[in-house]
Amino acid sequence: METARTLVLVAATVTCGLTAGLFYAFACSVMPALARVEDRTFIEVMQRVNVAILNGWFVLGFVGALLTTAAAVALHLPSDGHDVLPATIAALVLYVAAIGVTRSVNIPLNDELAKAGAPQRIADPVAVRGRFEARWVRFNVLRALLCTAALGCLAYALILNGRS
């Protein structure tokens, strides 16, 4: 049982780290770079990113973090796993909050941007970008913070797991 707990904690930490890193990379490099481009270019790049990101590698990290963190909680529910349980529960709550932000804010904004159509045909690209960019960036930073906090909790859980 201890080996399974450790392996699941490692998998949760790695997948959560991948997701936190993705959102962090967008927050500190991708979006600041795109902030400097012309409106139609911004719209086109974000539309392409929103299609390209829907792939197995992304799902492995994004969904994998949820599943492995939930599994870590479940595996630590027995009485001999209670030292690690608070940290894994905190990680799960933080990660679920990040998913909630993604589903309630970022995905609807991505969908709205897609519905705007081909960038060269948009009558008012300034307005389309204006409805998207600032809010998407703000909530992406929130996702990055939530996932990073979840990652910290999982790293702490690994430390606690190693002590038991």
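# Tour of the helix contacts

Start by selecting I43, M46, Q47 and N50 in α2, then N110, L113 and A114 in α4: these two groups meet, a contact being heavy atoms within 4.5 Å. Four of these residues are nonpolar, three polar and none charged; Ala, Val, Leu, Ile, Met, Phe, Trp, Tyr, Cys and Pro count as nonpolar, Asp, Glu, Lys and Arg as charged, and the others, Gly among them, as polar. The model is predicted: local features need pLDDT of at least 70, side-chain atom pairs count only at pLDDT 80 or more, and totals for chains, interfaces and linings use all residues. Residues are numbered from 1 along each chain as its sequence is written, and side-chain values use heavy atoms, with hydrogens and water left out.

Now show α2 and α4 as whole helices (DSSP runs of H or I, at least four residues, numbered from the N terminus). Their axes are 10 Å apart, at an angle of about 120 degrees; axes are lines fitted to C-alpha atoms, for helices over the stretch in contact, and angles run from 0 to 180 degrees between N-to-C directions. That makes α2 oblique to α4, where under 35 degrees is roughly parallel, over 145 roughly antiparallel, 65 to 115 roughly perpendicular and the rest oblique. The crossing is left-handed, meaning that the near helix is turned anticlockwise from the far one by less than a right angle.

Next, select α3 (residues 56–75) and keep α4 (residues 85–115) on screen; their axes come within 9 Å and cross at roughly 150 degrees. α3 and α4 are therefore roughly antiparallel to each other. On the α3 side, the residues to pick are G61, F62, A65, L66, T69, A70, A72 and V73, which meet L85, T88, I89, A91, L92, Y95, V96, I99 and T102 in α4. By class, this contact of α3 with α4 has 13 nonpolar, four polar and no charged residues. The crossing of α3 and α4 is left-handed.

Move to α1 (residues 2–34), whose 33 residues reach 46 Å from first C-alpha to last, close to the 48 Å expected at 1.5 Å a residue. Where does α1 bend by about 45 degrees? Centre on F26 for that bend, the angle between axes fitted to the seven residues ending there and the seven starting there.

Finish with α2 (residues 39–52) beside α1: the axes come within 10 Å and cross at roughly 140 degrees. That makes α1 oblique to α2. F26 appears again here, with M31 and L34 in α1, meeting F42, V45, M46 and V49 in α2. The contact of α1 with α2 has seven nonpolar, no polar and no charged residues.

Definitions and conventions:
Expected span 1.5 Å × (residues − 1).
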